[in-house]
Amino acid sequence: MNKGYVYLVGAGPGDIRLMTVKGQQCLEKADVVLYDRLVNPLLLETTKPGAELVYCGKLPDRHLLRQEAINDLLVTYGLAGKKVVRLKGGDPSVFGRVGEEAEALEQEGIPYEIIPGITAGIGATTYAGVPVTHRDHGASFAMVTGHDKSPNGQPLIDWSGLATGIDTIAFYMGVKNLPYICEQLIAHGRDPKTPVLLVRWGTVGKQKTLNGTLETIADIVIKEKFSNPAITLVGEVAKLRTKESWFERQLLFGKHILFGRTTEGASEIANELTSLGADVFEYPRFYTHQQEKAQIHFNDYEQIIFRSPKAVFWFFDQLKQQRIDIRTLQAQLYGASSKSIRAIESFACLGFPVDKMIHSEKRLVIGSNAWQHREQQRFESYGSHDFCVSHYDEIIEQSNFTCQRILDEDRVDTIVFPSAESVKVVTEQIVACNETPETLSKRATVICFGKSSYKAAIDFGYQVEVTLQEPTKEALIEVLKHTANEK
Ligand code: SAH
């Protein structure tokens with residue numbers, strides 16, 4: 001049997017857009033993904049449907065998967081011919097034990113690659129507005145563990161060399177040992193007034209920072225109950241921290257949005273919210289596959305209605321496959337949305353809105369399976385219709401695990417329902433995470449796009465805070481700007 005291939009990939013510090021293009025490509029084609037606790041669970045939403053996802057962090061019901069067990073798993077999957085991604089927070093070579101994993105693969109002759117990532121010491125501090133080197137404030141930079149295998153966990157380090165020889169020091173895993181670290185640096189000659197910056201959950205909406213000096217920071221950390229995962233940055237560069245960094249100043253920084261979804265792919269609006277600094281989780285995830293061949297005579301109809309642009313593209317593809325010239329069809333073409341109308345017109349045919357329809361008994365509606373049952377009554381007043389499925393939208397159950405993680409980490413403070421259908425889909429799925437409309441309404445501010453989504457949400461038992469005046473991106477952003485970041 002063919003040997004598999006293992007990619008040891010750096011996921012970056014949190015913001016999912018900080019993973020390398022190469023790493024992302026590997027993730028998308030992997031059969032198996034073994035991922036750590038610090039990897040943003042949203043990255044798992046980009047794996048292929050059906051990929052096996054193995055969590056290597058702490059679970060409530062079992063202990064940490066030990067390193068040896070992880071090495072064994074990599075080898076087992078590799079020997080079974082799988083494409084495996086071992087996904088690690090930050091950079092795999094920085095306190096990531098990639099050396100041990102590579103060695104295990106090497107011993108078994110399993111081919112592998114190591115794909116670097118942005119390490120937290122650089123990523124988190126950059127998002128906090130502090131560069132690790134600066135021509136005036138820091139000419140050298142070290143990454144140091146704040147915790148090691150010694151019995152008390154206090155790292156054995158050349159403290160004197162570090163204290164006097166390096167300008168900027170990033171301590172990883174160092175919050176617990178912070179008093180010890182500061183004491184050692186001072187005892188070995190570093191100025192007690194040296195600025196220190198702590199960045200917790202850097203590069204994501206939960207990012208928090210603390211400022212102090214070598215002599216004050218340990219007390220501040222206790223007072224603020226600051227804990228891991230955090231980077232401790234020691235050095236003059238830390239004073240470059242301003243009240244808010246470029247990242248924290250973004251319009252929607254700190255917002256954690258669950259955005260209801262009813263089809264495959266990212267919505268433009270959700271993308272826009274992300275670019276304004278929000279953490280956005282589109283839920284659930286869908287896999288769409290096309291109906292291969294239409295079992296229908298398009299020529300029998302006077303009117304054809306398209307539910308979505310996808311339906312339009314599918315229809316024209318069918319015509320091409322069946323060698324049918326559009327000019328031989330008699331039907332008027334209608335789009336259920338302006339996007340669908342634009343798609344029709346991109347084929348040099350006129351598209352009309354559905355409210356311009358007249359009565360006909362020879363009507364065909366084309367759309368995904370999700371719409372089939374909903375369309376029964378919808379066009380009744382215009383006469384009957386046939387429905388033709390162009391696409392099947394299937395929910396990928398895996399996104400429920402992602403959702404569970406996001407909820408466990410308290411990373412949902414806002415829920416956006418762009419349509420009545422999205423209310424139904426989210427509510428059906430969320431049961432898998434032991435949530436109900438009532439519990440979700442307690443956690444999060446519920447925002448509906450319009451009257452029909454509002455009605456659906458109320459009927460399902462949500463407490464709706466806001467219904468948009470206009471179902472637009474601008475109206476949503478305006479509302480989000482003014483809602484609190486925590487419920
Ligand atoms: N390989 C990782 C480090 C793993 S050690 C990397 O290159 O970043 C785990 C430590 O990394 C945590 O204890 C914390 O100190 C740091 N860390 C990881 N992600 C972080 C984040 N988003 N913000 C702040 N610190 C983080």
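## Close-up views of a predicted four-domain model

Of the 487 residues in the protein, 52% are buried, and the reader should keep in mind that the model shown here is predicted.

**View 1. The whole chain, with its secondary structure and its outer dimensions.** The protein contains 17 helices and 21 strands, and its C-alpha atoms fill a box of roughly 90 × 60 × 45 Å along the principal axes. Among the contacts with a separation of 6 or more, 68% are made by residues 24 or more positions apart. The accessible surface comes to about 23,500 Å², and carbon and sulfur atoms account for 52% of that surface. The protein carries 54 positive and 61 negative charges, and the mean positions of these two sets are 1 Å apart.

**View 2. The domains, and the place where domain 1 meets domain 3.** The domain assignment places domain 1 at residues 5–117 and domain 2 at residues 122–240, while domain 3 is made of two segments, 256–287 and 396–485, and domain 4 spans 289–394. The C-alpha centres of domain 1 and domain 3 lie 29 Å apart, and 15 residues of domain 1 are in contact with 15 residues of domain 3. About 1,100 Å² is buried between these two domains, with carbon and sulfur atoms giving 52% of that area. On the side of domain 1, the residues that lose the most area to domain 3 are P41, L42 and E45, which together give 50% of what that side buries.

**View 3. Helix α17 and the elements that its buried residues pack against.** Helix α17 covers residues 473–482, and A475, L476, I477, V479 and L480 are buried in it. These buried residues pack against two strands and a helix given here with their bounds, β11 (256–260), β19 (414–417) and α8 (268–275), and also against β20 (445–448) and β21 (464–467).

**View 4. The surroundings of A311 in helix α9.** A311 lies in helix α9, which runs over residues 309–321. With a relative accessible area of 0%, A311 is counted as buried, because that value falls under the 20% limit used for buried residues. Leaving aside residues up to four places away in sequence, A311 touches F306, I366, G367, S390 and H391. K48 stands 263 residues from A311 along the chain, and the C-alpha atoms of the two are separated by 23 Å.

**View 5. The loop between α7 and β10, with a cis peptide bond and a positive phi.** The loop between α7 (217–223) and β10 (230–234) holds P229, and a cis peptide bond, with omega of about 0°, joins N228 to P229. K225 is placed in the loop between α7 and β10 as well, and K225 has a positive phi of about 50° although it is not a glycine. At 71% relative accessibility, K225 counts as exposed.

**View 6. The cis peptide bond at P284.** Y283 and P284 are joined by a cis peptide bond, for which omega is about -15°. P284 is found in the loop between β12 (279–283) and β13 (285–290).

**View 7. D410 in the loop between α13 and β19.** D410 is found in the loop that runs between α13 (398–408) and β19, and its phi is near 60°, a positive value in a residue other than glycine. D410 counts as exposed, at 55% relative accessibility, since the limit for exposed residues is over 50%.

Key: Residues numbered from 1 in each chain as written. Predicted model: local features only at pLDDT ≥ 70, side-chain atom pairs only at ≥ 80, totals over all residues. Heavy atoms only, no water. Helix = DSSP H or I, 4+ residues; strand = E, 2+ residues; numbered from the N terminus. Buried < 20%, exposed > 50% of the residue type's maximum accessible area, 1.4 Å probe, protein only. Contact = heavy atoms within 4.5 Å. Areas by Shrake-Rupley, 256 points an atom, 1.4 Å probe, with all protein chains shown as cover. Lys, Arg positive; Asp, Glu negative; His and termini not counted. Charge placed at Lys NZ, Arg CZ, Asp CG, Glu CD. Domains from an automatic or database assignment. Buried area = accessible area lost by both parts, 1.4 Å probe.
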